[in-house]
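Open the model in your viewer and keep the selection panel at hand. The tour starts inside and then works outward.

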Amino acid sequence: WVTDALRSAGKEKNVAVALLDILGDARKKEELVEGMQAEDEGEEEEDVYDEHIWLSVRNAASLSEVIAEEICRRDQMNSDYYIKQCQNYIDALAELDEEYKKAVEEAPHKLLLFGDRFPFRYMTEDYGIGYYAAFLGCAAEAEASFETIAFLAGKMNERKMKYIVVLDGSNRKIAETIIRNTKSADKEIIEMNSMQSVRKEDIAAGVTYLSVMRDNLEALKKALQ
C-alpha cells in the first residue's frame, strides 16, 4: 500500500523499503500469552508478524545498515559520508544495547506487566524478559474483560509486583482498574514510549530514537524492581 500511496502522491521515484521483510527469520509472530485478551471470536486471522520491530535497538542497528545501503545506492558520490554516519549510529546503538543488557542482568526481577497493549516483544526477547499484558500490540480493543483484569491483578499479587506499565498517551484506565483489584493500592504506573505518536514538534524539540529508547531504559529499570 505504501507503493500505491507514493504513486498516488506523484512520488514514484521515492523508495519504499520493507524493513519487516528484511528481518527475515528474526521476525516474530504476535504471541497470545496467558491472561491476554484475544480478539473477538469470528475475527480470527492467520498468524501475523509483530510489526513493532523498531522497539529493539538490535533491530535498529541492522535496519540502519540496510537503509544506509539503499541511500548509498542512490547517491554513490556521497556514500563514504553515509557509511561513516551509519557506523557512528550503530556504535551508539551498540552502547545502548549494552546498557539495556546490564540493566536487565542487575534487575531483581525479569518480568513486566502491561495494563495496555504490548508492542515490546522484540525488546523483551532481546534481553530475556517475561511479560503479561492486557492485549496484543496491534489489538483493536480498548476495554479489558473482567477475566483479563482479574488475571493481571492476581499476577501482581502473586509476584509482589510494584509497577504496572502503560504506553505513551494511555488514559491509564485499565492499569488503574488492575491496581484497584490488587490486595494493596501501593502500586505505580510507569509509561514506556512506543514511538507511534511522535509529532513533528517533538522532533523539532530534539526528540530522537536514541533519546526515546534511553527514556524507555530508565522506565524499564524501574519496572523491573
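A cavity here is a set of grid points where a 1.4 Å probe fits but cannot get out. The volume of a cavity is the space filled by probe spheres set on those points. Note before selecting anything that this is a predicted model.

**Stop 1: the cavity.** How many cavities of 30 Å³ or more are there? The count comes to one. The largest cavity has a volume of about 50 Å³.

Now select its lining. Start with the acidic residues Glu30, Glu31 and Asp50, which are part of the wall. Add Arg121. Then add Met36, Phe118, Tyr131, Leu136 and Gly137 to complete the lining. Show these as sticks.

**Stop 2: the fold.** Switch to cartoon. The protein has nine helices and four strands. Trace the chain from the N terminus: the pattern reads α-α-α-α-β-α-β-α-β-α-β-α-α.

Next, display contacts. Take those with a sequence separation of 6 or more: 69% of them join residues 24 or more positions apart.

**Stop 3: the whole molecule.** Zoom out and align the view to the principal axes. The C-alpha atoms fill a box of roughly 65 × 45 × 35 Å.

Color by burial, with under 20% relative accessible area as the cut-off. Of the 225 residues, 39% count as buried.

Turn on the surface. The accessible area is about 13300 Å². Carbon and sulfur atoms account for 48% of that area.

**Stop 4: the charges.** Select Lys and Arg as positive, Asp and Glu as negative. The selection holds 29 positive and 45 negative charges. Where do their mean positions lie relative to each other? They are 5 Å apart.

Methods
Residues are numbered from 1 along each chain as its sequence is written. This is a predicted model: local features need pLDDT of at least 70, side-chain atom pairs count only at pLDDT 80 or more; totals for chains, interfaces and linings use all residues. Side-chain values use heavy atoms; hydrogens and water are left out. Helices (H or I, at least four residues) and strands (E, at least two) are DSSP runs, numbered from the N terminus. Buried means under 20% relative accessible area, exposed over 50%, partly exposed in between (1.4 Å probe, protein chains only). Contact means heavy atoms within 4.5 Å. Accessible areas come from the Shrake-Rupley method with a 1.4 Å probe; for residues, only the protein chains shown count as cover. The place of a charge is taken as NZ of Lys, CZ of Arg, CG of Asp or CD of Glu. On a 1 Å grid over the protein atoms alone, a cavity is a set of points where a 1.4 Å probe fits but cannot get out, and a pocket is an open set with protein on both sides within 12 Å along at least five of seven lines; lining residues have an atom within 4 Å of a point.
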